[in-house]
Amino acid sequence: MTHDADVVVAGGGPVGLLLACELALADVSVIVLERLTEVDTTIKAGSLNTPSVEALYRRGLLPQLAAAQRTALAGLGAFVRQRQAAGASLTKPVPKFAGHFAGIMLRGELLDESDPDFGTSGPAGEVGLVPQEALERILAARAAELGVAVRRGVTLTGFDTDDDAAAVRVHTSQGPLRAGWLVGCDGGRSTVRRLAGIPFPGTEPSITGHQAIVELTGADALGAGWNWTATGTYAHGPMPGRILTVEFDGAPADREAAISAEELQGALRRVSGVPDVTVTKVRSATRFTDNARQAAEYRRGRVLLAGDAAHVHAPFGGQGLNLGLGDAMNLGWKLAATVHGRAPEGLLGSYAVERRPLGAWVLEWTRAQVALMRPGSHSDALRRVVAELAGTSDATTYFAKKISGVWQRYDLPGTHELTGRSAPDLELSDGHRLADHLHAGTGLLLDLADDPGLRGRAAGLGDRVRVLTARCPERPALAGLLVRPDGYTAWASDVAGPYGELDAALARWFGAPTAVPVG
């Protein structure tokens, strides 16, 4: 029987759209099902970490991200002017932003930018302040360019798998679809995960949080930035009208109910202790909590999970969006190779092997932040200690590396320091940077030593691995680099030959060549 698509992706948010783009780039037919009829304008994550920006940069999307950042920065300027017009004291210079941990702001001037984990991202390192709505619009446009079928206003209602026929029959509100694979990118309350019977263990929720863009009166009495009180935590800014409240009274009674101005106003008054602050209009609002869970399996047969469908946690620091985008980049090329029947043994299984540890780390990172935000003498004392530590260069650098994601690496075979890390954005002698050569989403074997023997190792791999010979003046000792389609280094060497590790890496990630390697 024929398929309607090779892959059906449930969920058309940023994670589902990025996954669909990666699949389409690899000539895999894909249908995205999204219950919303338009791009979600609800206020959510406000920034991207370094691995996320690098991934999109390697697909040629950096100009669009930079434009979105300029718009966001204009909004920050408007908030500062608004506060000044209201008479707020802003005489102290605004420190260079380096992120926050549980609302404890990090000062960029304390960051040790000579740390080797920084400075390898090229132009991607200059972009980060990209709101989730802007990102979703960028990815929706990219998906349209690639011919991805995004079916909005369509809900997945069920599915049946037929392993003998290598198929999944997907039931939707607009009729059935037949595909080879189904990927659930449908959020923390994932229908795909639930119907697949995949357990979702973790810790229970303890907070009710609100985040919103509103119009306020009486806001002059609110503290700017993050504030801790005897009843919870709140934030005001940095975007005009943006408020966030955290109350430690258990999970929201109804996550789906409409959020009124009265509900937001009540939470803000209770947490801030400012009785006259009034919400006069709600532009965008959401509730959240802090249950921290991770799927017991990222794959069951022909069904896979990515993004919040695979892991949920408190939203502090925007880690969830970035974690999900990393899932999509890791899964896309592996699933595409599997669809085309050229995946080496274990390739698709490596998705969960590589991504689950990062998911578990994010859960721990957000749990720690909730503990610091909790009202009470013990948490207050701990927060003062952490804040004092955060005022040092070593701690600022530690936190900034964790928040930015530059510390991330996969546990891959190989002895070189670059192996398993995001590939450095090398400036090459051909006038381009490494990222410019990764737009097509294939592997790249970079010969920096003009070594025919090295280049010959990829013979017979066809379009799975592109071979490029160039020089890199900034890294003269580096002889060669094998970059996976997701931008991670599979092999690197400072010497020409022997080629045992390179051959193993090529076979592990791209399969057996159709010809004997030369050299």
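These legends go with close-up views of a predicted model.

**View A. A look into the largest cavity, with a volume of about 210 Å³.** The model has four cavities of 30 Å³ or more, and this view takes the largest, at about 210 Å³. Its lining is made of 22 residues, and those closest to the centre are Pro51, Gly326, Arg355, Gln408 and Tyr488. Helix 2 (50-57), helix 7 (319-339) and helix 8 (349-373) are the elements that each give two or more residues to this lining. Helix 7 chips in the most, with seven residues. Sorted by class, the lining of the largest cavity has ten nonpolar, eight polar and four charged residues.

**View B. Helix 9 packs against helix 10 at an angle of about 100°.** Helix 9 covers residues 377-390 and helix 10 covers residues 393-404, and their axes sit 6 Å apart. Angles from 65 to 115 degrees count as roughly perpendicular, so that is how helix 9 and helix 10 are related. On the helix 9 side, look for Val386, Leu389 and Ala390; they meet Ala395, Thr396 and Phe399 in helix 10. The contact between helix 9 and helix 10 has five nonpolar residues, one polar residue and no charged ones.

**View C. Four strands form an open sheet in the order 20-19-21-22.** The pairing in this sheet is mixed. At the edges are strand 20 (465-469) and strand 22 (489-493), each of which pairs on one side only. Ignoring direction, neighbouring strands of the sheet are turned by 10° against each other on average. Zoom in on strand 19 (residues 443-447) and strand 20, and you'll find parallel pairing over five bridges. To pick out one bridge, start at Asp447: its partner in strand 20 is Thr469.

**View D. Two cis peptide bonds, each leading into a proline.** Most peptide bonds are trans. The bond from Gly237 to Pro238, though, is cis, with omega near 5°. Pro238 is in the loop that runs between strand 12 (232-236) and strand 13 (242-247). The bond from Gly497 to Pro498 is cis too, with omega near -10°. For Pro498, check the loop between strand 22 and helix 12 (500-510).

**View E. Asp27 has a positive phi, near 65°.** Most residues other than glycine have a negative phi. Asp27 is not a glycine, yet its phi is positive. You'll find Asp27 in the loop between helix 1 (14-25) and strand 2 (30-34).

Conventions: Residues are numbered from 1 along each chain as its sequence is written. This is a predicted model: local features need pLDDT of at least 70, side-chain atom pairs count only at pLDDT 80 or more; totals for chains, interfaces and linings use all residues. Side-chain values use heavy atoms; hydrogens and water are left out. On a 1 Å grid over the protein atoms alone, a cavity is a set of points where a 1.4 Å probe fits but cannot get out, and a pocket is an open set with protein on both sides within 12 Å along at least five of seven lines; lining residues have an atom within 4 Å of a point. Grid points are joined across faces, edges and corners, and a volume is the space filled by probe spheres set on the points. Ala, Val, Leu, Ile, Met, Phe, Trp, Tyr, Cys and Pro count as nonpolar, Asp, Glu, Lys and Arg as charged, and the others, Gly among them, as polar. Axes are lines fitted to C-alpha atoms, for helices over the stretch in contact, and angles run from 0 to 180 degrees between N-to-C directions. Angles under 35 degrees count as roughly parallel, over 145 as roughly antiparallel, 65 to 115 as roughly perpendicular and the rest as oblique. Contact means heavy atoms within 4.5 Å. Two strands pair if DSSP finds at least two bridges between them.
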